[in-house]
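Biologist: Can you pull up the model and walk me through it? I'll ask as we go.

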Amino acid sequence: MFMRIKIHNQQQDQSDCGVVCLKTVLNYFESDSPLERLREYSGTSSNGTTMLGLLQCANKVGLMTKGYEATLDDLKETKEIAILHTVIENELYHYIVCFGYNEKNDTFLISNPSSSKAGYISSKELDIIWQSKALLICKPSEYLPKKKSVRKQKISWLFTYIKEDLNLLSMALLLGVLLAVLSLATAVYSQKLIDVLLPSKDVFKIYASVALLFFLFLVTAFISYIRSIFLIRQSKDFNIRVIGYFYGNLLKLPKSFFDTRKIGDMIARMNDTSRIQRTVANIIGNIMIDILMIFVSTIAIFSYNKMLGYITLFWIPIFTLIVFYFNPKIIKAQRLTMQAYAKNESNYIDTIQGIETIKANNKGLNFSNKTKSVYEFFQTSIYNLGKLGMNFGIANQLISSIFIIVTISFSIYLVLNGSITAGVIIAILQLVGILMGSTSNLAMANIQIQEAKIAIDRMFEFTSLESDSNKGFNIESFQSLEIKTLSFRFAGRSQLLKNINLHIKKGEFVAVVGESGSGKSTLGQIIQQFYPFENGTIIVNNKHELKSISTEHWRNIVGVIPQEINIFSGNVIDNILLGSKDNPENVVKFCQENGFEKFISELPQGFATLLGEEGINLSGGQKQIIALARVLYKKPQFLILDEATSAMDRNTEKFTINLISKLKKDIAVLFISHRLHTLKNTADRIYVLENGIITSQGNHELLLESTNFYSEFWEDLILK
């Protein structure tokens, strides 16, 4: 057990200790899972992960996991891997992995994600930090995927996007080989010039050879140009293809994925594609050629003198040792740099998005200092990586210099002994120069390869996540929806909705009301298939389970105005169409027919008004009007309005309610709100949601007959 602790993982974010422990356990059992998937399954947020979240996540990824409360003596006796819930410095909750007990030294072998490596701690030390005595016992199940399969998925994923470039890359490789052969011609020419042509004193042959050499230089330049064209084109095509794939898959991921992700991290990972492409092009275009050059130049040196050839071979194991020594350090530094870059991007975005709050509270200096600290950490990471690369390069250059001096010294000795000619030593020096150059290129390429490997891992973490399922069938039309005994919780948290029962049909205006935080909006998001529920069923048209219907088709049927209205850069028409191809005149006509034109005409340029990023130029009520026009233009059959009138003035709200009431005969309307005054003469049925439970239901008059959130609102309104 204790010899396999090399699978230790170190956390890079304070909130990730739980999922990093889980990753360590998976690695111990020769399995793996992307950290992003573990974060999603466990419900990890900026506040960390709960024990329940880790338990749910572990069981999802193929482990058999149970939670216990135990004593230190119990832990000493267990033979299983355990994740312990500890407290560091009497205030910070933290998870660690316990691999077992060493009775001889009274110590436990611990993998602490906050440490760079695993190690032993005494029973006394563990007893101090393990105050809760809570732990998760983890065992592998028969469904636990093996690590090799994950590696195969990564290779398959990368090959899918390289195979379309194989023709271009093959041509670049072929041209590179020709360039390599032509570069060797210079060494051969130097030897022949000194040993054959100059002693012959044949002026014509000498100048003819110079002309031929000049021609070879021209051919080399032309081939190099064509090869560069191939590689630039491959770079363009590959980056477009991979970004399209990555971003396309990103948008297909479930909403729960975006709840805890930083925008800057996503942007940083998209930028990682260039690292991958550069490495692919380098492997095909340069590394394979460098390997060929090492092979050919070594053979050429052997052909001149075997002892010099053996000296050449001696260089290879020394070079290999240098690579092995620096490799793990480079990987660690590169991963840290990429993560620091993502944090820096996220910090910029968060600060700019929250500029109003920052200025209103006079916290500019605080955020400026924070930004400086985050950026300083990023630059320090770059500096440390650069310094490591320089150390790697200097070590390689130092050994290369020693090798060249040894080769020159021995070659001079051979010339003095008459074993080789002066021309041969010139050729050997050029061959050694080619050999050292190619070897140095390979040494530095190792940094690039490791960087690309980390970039692939980071991109694969996102692209390997399960996307919104589009499996299922399409329904012809919407008639009704019924929720039966539905329960829901976010991963790792307590139950939010309990035993919910609700029904709505075409032609009805149904409201769900309750205090903020009672679960109203979450219920609407569950209906949109944003989150899977824990128990219960949702039946559509009295016969189909919602989960059996295609998600994409269902969202085409359902129209939603969420609490937070997103306004995109562009004009009013752009924000109504959301990228759909349609004639702008149709949008204007629709707005005229439904009464939106009077609101839009109040904008500076009417329909052509540029709304600005995030609708900065609009009031809250104007955003909601545009959102209403947007959702109705798609002609939904089931309309969900989540606080859709909360920012409107009285007249605009009256217009909205009247418009929806007029359209109600052709659609079903689910109105979610804690503002109740509009429901008296509008709602066919009202559900009161309190503490995650439907406590009352009925129309306005019926609800006033009992004590509930709705009746208390009207009672307070009358008293005022």
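Biologist: Which strands does helix 15 lie across?
Modeller: Helix 15 (residues 520–527) lies across strand 9 (509–513), strand 13, strand 14 and strand 15 (685–690). Contact means heavy atoms within 4.5 Å. Helices (H or I, at least four residues) and strands (E, at least two) are DSSP runs, numbered from the N terminus.

Biologist: At what angle to strand 14?
Modeller: About 150 degrees. Axes are lines fitted to C-alpha atoms, for helices over the stretch in contact, and angles run from 0 to 180 degrees between N-to-C directions.

Biologist: Ground rules?
Modeller: This is a predicted model, where local features need pLDDT of at least 70, side-chain atom pairs count only at pLDDT 80 or more, and totals for chains, interfaces and linings use all residues. Residues are numbered from 1 along each chain as its sequence is written, and side-chain values use heavy atoms, with hydrogens and water left out.

Biologist: What's the strand order in that open sheet of 6 strands?
Modeller: 12-13-14-9-15-16, with mixed pairing. Two strands pair if DSSP finds at least two bridges between them. Strand 12 (558–561) and strand 16 (693–698) are at the edges with a single partner strand each, so one side of each has no neighbour in the sheet. The twist averages 15 degrees from one strand to the next.

Biologist: How do strands 13 and 14 pair, parallel or antiparallel?
Modeller: Parallel, over 5 bridges, with strand 13 at residues 638–642 and strand 14 at 668–673. Leu641 has Phe671 as its bridge partner in strand 14.

Biologist: Switching topic. Why call strand 3 largely enclosed?
Modeller: Because 8 of the 11 residues of strand 3 (residues 92–102) are buried. Buried means under 20% relative accessible area (1.4 Å probe, protein chains only).

Biologist: What does strand 3 pair with?
Modeller: Strand 2 (residues 81–88), antiparallel over 7 bridges, and strand 4 (residues 107–111), antiparallel over 5 bridges. His85 stands opposite Tyr95 in strand 3. In the hairpin of strands 3 and 4, Asp106 takes a positive phi near 55 degrees.

Biologist: And the cores. Which residues touch the most other members in the largest nonpolar one?
Modeller: Val513, Phe596, Leu679 and Tyr710, out of 48 residues. Helix 20 (residues 620–633) gives the largest share, 8 residues. A nonpolar core is a set of buried Ala, Val, Leu, Ile, Met, Phe, Trp, Tyr and Cys residues joined through side-chain atoms within 4.5 Å.

Biologist: What does Tyr710 touch?
Modeller: Among others, Val513, Leu679, Ile686 and His700, not counting residues up to four places away in sequence.

Technical notes. Buried means under 20% relative accessible area, exposed over 50%, partly exposed in between (1.4 Å probe, protein chains only).
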